[in-house]
Structure formats: C-alpha cells, structure tokens
Amino acid sequence: MTAAPDRKTEGRDSYRHFLTIPTRWMDNDVYGHVNNVVYYSYFDTVVNQYLITRGVLDIHAGAVIGLVVETGCSYFAPLAFPDRVEAGIRVTRLGTSSVSYEVGLFRNDDPTPAAAGYFIHVYVDRDSRRPVPLPAPLRAALTDLSCEEGK
C-alpha cells in the first residue's frame with residue numbers, strides 16, 4: 001500500500017488542465033490576501049471553463065447539470081492581488097453520475113500549490129434534479145482529466 005501524495009508538495013505535473021486566472025483588487029480582504037471564499041470561485045471557474053470549452057456543458061439549456069455536493073480546501077501559502085493564479089484540475093474518481101475533482105492553485109510561477117482543494121459534482125436532470133448517468137461526451141471529457149488507476 002502506497003501513501004497518499006502530499007498535496008502541499010505536489011507539482012504542476014500532477015494536474016491535467018490549467019487555466020490562468022488573474023486576481024482582482026477586490027479579492028483581497030482586510031488582512032491583505034485573497035479571501036478564502038474566492039478560492040472556491042477559482043475552483044468553479046477552472047472546472048466550468050474546461051467543460052464549456054469542451055462543449056459538454058450548456059449552462060443555459062443543457063438537460064444535465066452538475067451540482068456540488070461536497071467541497072474542501074487546504075491553504076498552504078497566501079495569494080494576493082496582483083498575483084496570477086494558475087488553476088490546475090484533475091479527476092480522481094469518475095462514477096456513474098458523479099465526478100470528484102481535485103484543484104491545485106499555483107501562485108504565479110511557483111512549483112507547488114498555494115492551495116489544494118476538491119469538490120464532487122453529482123450530475124442531475126435539470127428539471128427533476130434527480131441523478132442521471134453521465135452523458136457519453138461528458139464522460140469522455142472527464143476521462144481526459146482522470147488520474148484513476150489504469151487511466
């Protein structure tokens with residue numbers, strides 16, 4: 001049995017897709033660093049950008065949508081305006097109707113993350129809000145991000 005990787009020291013090569021997100025002046029809180037709630041908006045941004053760009057998420061009219069059912073974040077170093085955030089994502093579990101994402105937030109060109117988090121989407125029918133199997137195009141796009149054994 002191997003030990004789980006230390007997310008604090010994992011490098012950029014552990015993630016499958018990146019998006020550059022500039023910090024904004026308003027992201028800083030009274031303590032002079034990006035407020036913790038903003039980190040979750042970075043998570044949403046990188047994942048939804050990937051899905052929309054791949055053509056597998058129609059936020060306005062798609063029959064299937066992803067709902068966040070669990071999330072968490074560990075903070076290792078501060079981010080602050082005018083830093084650039086390099087948000088990396090990977091899929092660690094792909095279920096029948098759910099997906100587990102991990103996100104690394106890298107400050108500027110730093111080799112290790114300033115923060116690492118996760119969230120789980122359960123995909124549901126837009127109208128009934130009942131879980132549905134992942135559509136094939138969505139599953140294919142998520143498989144490209146997968147770090148699961150054998151992928």
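**Entry 1: helix α2**

I began with helix α2, residues 136–143, and found that Leu138, Ala141 and Leu142 are buried there. Looking down the axis of α2, I saw that its buried residues fall within an arc of 100°, so they line one face of the helix. The general rule for an α-helix helps here: with 3.6 residues a turn, residues three or four places apart point the same way. I then turned to the face of α2 directed away from the buried side, and there I noted the exposed residues Ala136 and Pro137.

Against which elements do the buried residues of α2 pack? I listed α1 (36–53), β3 (84–94), β4 (98–107) and β5 (115–125).

**Entry 2: the model and its confidence**

I record that this is a predicted model. I therefore looked up the confidence, since predicted coordinates should not be read in detail where pLDDT is low. The protein chain averages a pLDDT of 93, and 94% of the residues score at least 70. Among the elements of the chain, I found the highest mean pLDDT, 98, in strand β1 (residues 17–22). The lowest mean among the elements is 95, and it belongs to β2.

**Entry 3: the chain as a whole**

I counted two helices and five strands in the protein chain. Reading along the sequence, I wrote down the pattern β-α-β-β-β-β-α. The radius of gyration is 16 Å, close to the 15 Å that the globule rule gives for 151 residues, so the chain is as compact as a globular protein of that length. Along its principal axes, the C-alpha trace spans about 45 × 40 × 25 Å.

I also looked up how the chain is covered and connected. Of its 151 residues, 43% count as buried. The accessible surface comes to about 8200 Å², and carbon and sulfur atoms account for 55% of that surface. Among contacts between residues at least 6 apart in sequence, 74% join residues at least 24 apart.

**Entry 4: cysteines**

How many disulfides does a search of the whole structure find? I noted zero. To see why, I looked at the sulfur atoms, because a disulfide is a covalent bond between the sulfur atoms of two cysteines. The cut-off for a disulfide is 2.5 Å between the sulfur atoms. The sulfur of Cys73 has its closest cysteine sulfur in Cys147, at 18 Å, which is too far for a bond. Starting from Cys147, I reached the matching result: its closest cysteine sulfur is in Cys73, 18 Å away.

I compared their surroundings as well. Cys73 is buried, with a relative accessible area of 18%, whereas Cys147 counts as partly exposed at 30% relative accessibility.

**Entry 5: the loop between β2 and β3**

I next examined the loop between β2 (64–75) and β3, where Pro78 is found. Is Pro78 buried or exposed? I recorded it as exposed, because its relative accessible area is 53%, and exposed means over 50%. Leaving out residues up to four places away in sequence, I found that Pro78 touches His33, Tyr39, Asp83 and Arg107. I also noted Asn35, which is 43 residues from Pro78 along the chain, yet their C-alpha atoms are separated by 9.3 Å.

Pro82 is found in the loop between β2 and β3 as well. A cis peptide bond joins Phe81 and Pro82, and I noted an omega of about 15°.

**Entry 6: positive phi values**

I looked up two residues other than glycine with a positive phi, beginning with Asn108, where phi is near 50°. Asn108 is found in the loop between β4 and β5, and it counts as buried at 18% relative accessibility. For Arg129, phi is near 60°. Arg129 lies in the loop between β5 and α2, and at 46% relative accessibility it counts as partly exposed.

**Entry 7: Arg54, and back to α2**

Where is Arg54 placed? I located Arg54 in the loop between α1 and β2, and I noted that it counts as partly exposed at 39% relative accessibility. Not counting residues up to four places away in sequence, Arg54 touches Ala141 and Asp144. This brought me back to the first entry, since Ala141 is one of the buried residues of α2. Last, I looked up Arg54 and Val69: they are 15 residues apart along the chain, and their C-alpha atoms are separated by 23 Å.

Technical notes: Residues are numbered from 1 along each chain as its sequence is written. This is a predicted model: local features need pLDDT of at least 70, side-chain atom pairs count only at pLDDT 80 or more; totals for chains, interfaces and linings use all residues. Side-chain values use heavy atoms; hydrogens and water are left out. Buried means under 20% relative accessible area, exposed over 50%, partly exposed in between (1.4 Å probe, protein chains only). Helices (H or I, at least four residues) and strands (E, at least two) are DSSP runs, numbered from the N terminus. The arc is that of the directions from the helix axis to the C-beta atoms. Contact means heavy atoms within 4.5 Å. pLDDT is the predictor's confidence in each residue, from 0 to 100. The radius of gyration is taken over C-alpha atoms; the globule rule is 2.2 Å times the number of residues to the power 0.38. Accessible areas come from the Shrake-Rupley method with a 1.4 Å probe; for residues, only the protein chains shown count as cover.
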